[in-house]
Structure formats: C-alpha cells, structure tokens
Amino acid sequence: MKTLIYNVPAVNEWVSDKIYGVDKFPSDAPSIGMLENGKIVGGVVYTMYTGTGIMMNVAGGYKGWINREFLRVAFSYPFKQLGCTRVSGLVRDDNPVAQDFDERLGFKREGLIRKGDDDGMDLILYGMLREECKWIKDK
C-alpha cells in the first residue's frame, strides 16, 4: 500500500541521494514522500521559493512508483497553497528518462544551462505555468 508523508527530513535526504550532485537539500525544505510498505519509493523537495515560482526536485526509486494522488498533491502545494504562477525543474542533459518523465507530466523545455551541474554536464531547464498544469483542478 502506498501512502504520502509530508515534511519528513528522511524524504529530503532520500531525494538528495537520488539526484546527482554533492549538495543536500535542507532538512527543513518542504517535501512530500511516497511510502510503499513503510519504505520511501519517491518524493519531491521544494526549493528556491520566490513568491511567484518554486523549484521542484523529484526522484523515484523504480518505474511506476508515482500515482495520480501524488501528482495532484505535488502540484497543488505550489500552485494552490503557495499561489505560484510557475514551477521549475532541472534535468541533466544525459538523462533522457528524466527528460521524458518531465515532458509527460506537462513541463516545457525552456532553456539550457551550459556546464550547470557539478561535473560540468549541461542542465535542461523545465517549467510549467499554473494554467498548463493538468494535475490540479479549479485553476
């Protein structure tokens, strides 16, 4: 059985460990985790809140971990609760699986950050506007 957990530092650490790089997300950054049989199988950590936008950092443990409930909650937080007009995400240029994942969620490729990751890999900037989000109702 899958359940959601909110603002648990273990989720922030788990997502940090799954995303390439040396930096760790702050333990007090807002987060949503997906548990299956008591173990974390996915999560999102929100960073860089500006008042109008926020960065979503998402990681999963296996293909198929995500469900519609998670997506509705994950996008409701920035768009409905915080009132953001956009959410953003960064994906490594050498990770086509993550690129496809973001695009299937409805993110649009907006730019390239050359040599933006710790090892010099390019990062693709993805963004989604509130009115483009198919995961929330009452836009």
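**Group meeting: a mixed sheet and the helices across it**

Okay, let's begin at one end of the sheet: strand E6 is joined to strand E7, residues 123-129, by 5 bridges, and the two run antiparallel. If you want a spot to click on, Lys108 sits opposite Gly127 in E7. Before I go on, please keep in mind that this is a predicted model.

So what order do the strands come in across the sheet? Going across, you get E1-E2-E3-E4-E5-E7-E6, which makes 7 strands in an open sheet with mixed pairing. The edges are E1, residues 2-6, and E6, residues 108-113, and each of those pairs on one side only. On average, neighbouring strands here are turned by 25° against each other, ignoring direction.

Now to E4. On one side, 6 bridges tie E3 to E4, and that pair is antiparallel. Look for Tyr46, which stands opposite Met56 in E4. The hairpin of E3 and E4 has 5 residues between the strands, and Met48 there takes a positive phi, near 60°. E4 also pairs with E5, through 3 bridges, but this time the strands run parallel. There, Met55 is the one facing Ser88 in E5. And how enclosed is E4? Of its 8 residues, 6 are buried, so the rest of the structure largely encloses the strand.

Right, on to the helices. H2 covers residues 68-81, so to speak, with 14 residues spanning 18 Å from the first C-alpha to the last, close to the 20 Å expected. There's a kink in H2, though: about 30° at Phe75, shortly before the proline Pro78. At the N-terminal end, Asn67 acts as the cap, with a side-chain oxygen 3.3 Å from the backbone nitrogen of Glu69. After the helix comes Gly83, with a positive phi near 80°.

What does H2 lie across? That's E1, E2, E3, E4, E5 and E7, and the helix runs at about 20° to E3. As for its buried residues, they are Phe70, Leu71, Ala74, Phe75, Tyr77, Pro78 and Phe79. A quick reminder on spacing: an α-helix has 3.6 residues a turn, so residues three or four places apart point the same way. Have that in mind when you look at Phe70, Ala74 and Pro78, which are among the buried ones.

Last one: helix H3, residues 96-105. H3 lies across E4, E5, E6 and E7, and its direction is at about 10° to E7. That brings us back to E7, the strand that pairs antiparallel with E6.

Methods:
Residues numbered from 1 in each chain as written. Predicted model: local features only at pLDDT ≥ 70, side-chain atom pairs only at ≥ 80, totals over all residues. Heavy atoms only, no water. Helix = DSSP H or I, 4+ residues; strand = E, 2+ residues; numbered from the N terminus. Expected span 1.5 Å × (residues − 1). Bend = angle between axes of the 7 residues up to and from the residue. Buried < 20%, exposed > 50% of the residue type's maximum accessible area, 1.4 Å probe, protein only. Polar contact = N/O pair within 3.5 Å; in protein donor to acceptor, adjacent residues only side chain to side chain. Pairing = 2+ DSSP bridges. Axes fitted to C-alpha atoms, helices over the stretch in contact; angles between N-to-C directions. Contact = heavy atoms within 4.5 Å.
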